[in-house]
Structure formats: structure tokens, C-alpha cells
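Reader: Hi! I'm new to this one and would love a friendly walk through it. Can we put it up on the screen and chat as we go?

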Amino acid sequence: MAEEPPHIPVLPAETLAMADPAAARVVVDGTFGAGGHARLIAAGLPEGARYIAIDRDASALQHLPAVAADHPGVAFEARHGTFADVIESLAREGVSADVVILDVGVSSMQVDQPQRGFSYRNDAPLDMRMDQSAGDPAADIIASADVGTLTRLLRAGGAEREARHVARAIVRSRDVAPIATTADLVRLVEEAIPAALRRRRGHPAKRVFQALRIAVNDELGQLERGLDAARGLLAPGGRLCVISFHSAEDRIAKRRFRDWTRDCTCPPEQPICTCGGMADFEDLARSGIVASDDERAANPRAASARLRGVRRRP
Ligand SMILES: C[S@@+](CC[C@H](N)C(=O)[O-])C[C@H]1O[C@@H](n2cnc3c(N)ncnc32)[C@H](O)[C@@H]1O
């Protein structure tokens, strides 16, 4: 029986069409993961193209040799680190990219490794770092942040309704005993959330875990910095493709792309454009692209995915 792929890339055909790699010389993949999108893009690259694969999770980059072996005409290289840091350093090195792709969030492999603490369904230490060699694990944030900070980070990461109840419960509970495992946190969330709220929107721990993970890995800050760095890296005609899974992430991409593609810079109160401006970028999917019903049925992760993209005008 064929082995299950470790992570199914979302919006595969749509991402490939947006990246349009046929003439690309340099691709920067900020979120290599299991190399699912990398395989699709590499198959469409011309001979001799360079593919820079970034991931902050060193174990993801172990998939790179197999991808490279299947595409001998492409020069792959691995860079371990955050895409914000690596893209900024690529810009300093003078690299110019024809395609930059960011498929943000966690991979199925990460969620499926119980010991990493991403899932509320398995008991494990509260870690949630994508890069286990850097930064503070979730348990440290939970042990030290005050109610206001916890409330804000839970809200920012999507646990809006649960935020204050859970933040208060964390601070109350940690004075009695440390909150060290995912099971400790799930129990606390279940006790903290009123039954009515619990029934209405699925398991509340799901949103609390997502929000904590986003905070632990500074995912929103990474996306902001990563997009700004990618903007400077794009060659004329270069394309930037972003797949997000959360409304806060999508908002970041949407607002930046709207600003980057705005032609007219006249003051808003001026009825007629006199600047004749032409933005450096054009939008590749004004409202974003979401998965088809078939893809959602085959890959539940795709249900919340949205692809956006811009192209630097040649
Ligand atoms: C959704 S998966 C990408 C899957 C990949 N496109 C594929 O088809 O296999 C996200 C991957 O990006 C990595 N990642 C997430 N945020 C990152 C960041 N800010 N910098 C570098 N890597 C990041 C994660 O460690 C994970 O391996």
C-alpha cells in the first residue's frame, strides 16, 4: 500500500497557477514543511533554477533531500530559521526572487507529534514551539503572563469569547499548582468556560490552543515582518503567494496587498485623481482564493485556507 503523504499541500493547483514558475530563476519557500508545494513548484521550474527552502522546524528540512532527489535539475538549499529572519538576510545578500511562497501555520506532522504539545487531544508537555531550539514554550508564558496579557493574546489568536474566563482561570490555577501539560490546560479550559459557550462553538480548548500557539511562535509578527521583507526581495515580475488559515493572518496579508497595489495616492477627500500614480504591485486574487468543496472533503485543513498573492510590475 502506498505510504500516506506526511502533509497534504492545500490549494495545490491554485498555488501553482499563482506562482507561475515556468520562467522563475529563484524561488524562496518560507514554509517548506513536508515539501508538498515545493514538489509542485519544482516540477514546473526551468533547468538550473535555485530553490531556497526555509523552515524554523529543523525536522521539516529533513524532507528536503527526497524532494531534491526527485528534481535533479533544480538547485535546492536549506535554511533553518524563521522566514522573517531568513528573508531579511537574503535581501542583505542581494538575492532577488521570482517567487516567494508562505504557507503559514503548523503542518500536519507537527500536530500529529503528540509530544510537541500542539494538540488538545493528546497529553504532553505544554511546548508548542515550531522551533524547539528557540524561544519560550507555552508553559512559560502560562506561568508568567498577567491576566491582561493572557486575555490579549488569546483574543488575538482567535479565542475571543473564551479569553477573559480562561486568562483568569490560568492565573487562579497556577497559584495552586503549575499548568505544565496539555491535559492540565484542557481541564482548566473546560472548567472555566460556561456550559452554554462550550456547546455552541465546538471544543473551546481548540481555539485556546490555537491562540497560544500563535503567541508562542509570534506567528502574526512573523507574517508582518516576512511580508515586508519579501516585498523588498521580489524581482520585477516576481510573485508573492500567501496561504493563511486564520482571519487575523489573512487580514495582515489583505491590508498589505491593498496598500501595495493602490495606484492613486491622492488625499481621500480629493474627488478626482491628479497623481496618476501606478503602484509597484498588482493583485493576483483580489478577494483571495478558497478551496473547492472537493478539496475540503478530501483535506479538512483546506477548509480555513485562503490564498492571496501579488506580483511586482515588470
Ligand atoms: C503549513 S506547513 C507548510 C507545508 C508545506 N507548504 C507543504 O506543502 O508541505 C507550515 C510549515 O512552515 C513552518 N513555519 C511556520 N511559520 C514559520 C516561520 N515564521 N518561519 C519559518 N517556518 C515557519 C512550520 O514549521 C511548518 O513546517
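Reader: Let's start with Asp57: is it buried or exposed?

Author: Asp57 is buried, because its relative accessible area is 5%. Here buried means under 20% relative accessible area, exposed means over 50%, and partly exposed is in between (1.4 Å probe, protein chains only). One thing to know early: this is a predicted model, where local features need pLDDT of at least 70, side-chain atom pairs count only at pLDDT 80 or more, and totals for chains, interfaces and linings use all residues. Residues are numbered from 1 along each chain as its sequence is written, and side-chain values use heavy atoms, with hydrogens and water left out.

Reader: Thanks! Which side chain does Asp57 meet in a salt bridge?

Author: That is Arg116, with 2.8 Å from N to O. A salt bridge here is a side-chain nitrogen of Lys or Arg within 4 Å of a carboxyl oxygen of Asp or Glu. Arg116 sits in the loop between helix H5 (108-111) and helix H6 (138-144), and Asp57 in the loop between strand E2 (50-55) and H3, so the pair ties together parts that are 59 residues apart in sequence. Helices (H or I, at least four residues) and strands (E, at least two) are DSSP runs, numbered from the N terminus.

Reader: And Arg116, buried or exposed?

Author: Arg116 counts as buried, because its relative accessibility is 4%.

Reader: Why can such side chains pair at all?

Author: Opposite charges on side chains can pair when the charged atoms come close.

Reader: How many salt bridges does the structure hold?

Author: It holds 21 salt bridges. One of them joins the side chains of Asp70 and Arg39, at 2.6 Å from N to O. That pair links distant parts of the chain, 31 residues apart: Asp70 is in helix H3 (residues 64-70) and Arg39 in helix H2 (residues 36-43).

Reader: What about exposure for Asp70 and Arg39?

Author: Asp70 is partly exposed, with a relative accessible area of 48%. Arg39 is partly exposed too, at 32%.

Reader: Got another pair for me?

Author: Sure: the side chains of Arg306 and Asp250 meet in a salt bridge of 3.8 Å, N to O. Arg306 lies in strand E8 (residues 306-312) and Asp250 in helix H13 (residues 247-260), so this pair ties together parts that are 56 residues apart in sequence. Arg306 is partly exposed at 28% relative accessibility, whereas Asp250 is buried with a relative accessible area of 12%.

Reader: Which residues are linked in a network of salt bridges?

Author: Those are Arg50, Glu77, Arg79 and Glu93.

Reader: Switching topic to strands. Why is E4 called largely enclosed?

Author: Because 7 of the 7 residues of strand E4 (residues 97-103) are buried, the rest of the structure largely encloses it.

Reader: Which way do E1 and E4 run, parallel or antiparallel?

Author: Strand E1 (residues 26-29) and E4 run parallel, joined by 3 bridges. Two strands pair if DSSP finds at least two bridges between them. Val28 stands opposite Val100 in E4.

Reader: And how many bridges are there between E4 and E5?

Author: E4 pairs with strand E5 (residues 234-244) over 6 bridges, in the parallel sense. There, Ala97 stands opposite Leu234 in E5.

Reader: Any odd backbone angles to look at?

Author: Try Leu11, which has a positive phi of about 45° although it is not a glycine. Leu11 lies in the segment before H1 and counts as buried, at 0% relative accessibility. Asp218, also not a glycine, has a positive phi near 45°. Asp218 lies in the loop between helix H11 (204-216) and helix H12 (219-233), and at 44% relative accessibility it counts as partly exposed.

Reader: Last one: where is Ala23?

Author: Ala23 is in the loop between helix H1 (12-19) and E1. Ala23 counts as exposed, at 65% relative accessibility. Ala23 and Leu45 are 22 residues apart in sequence, and their C-alpha atoms are 6.7 Å apart in space.
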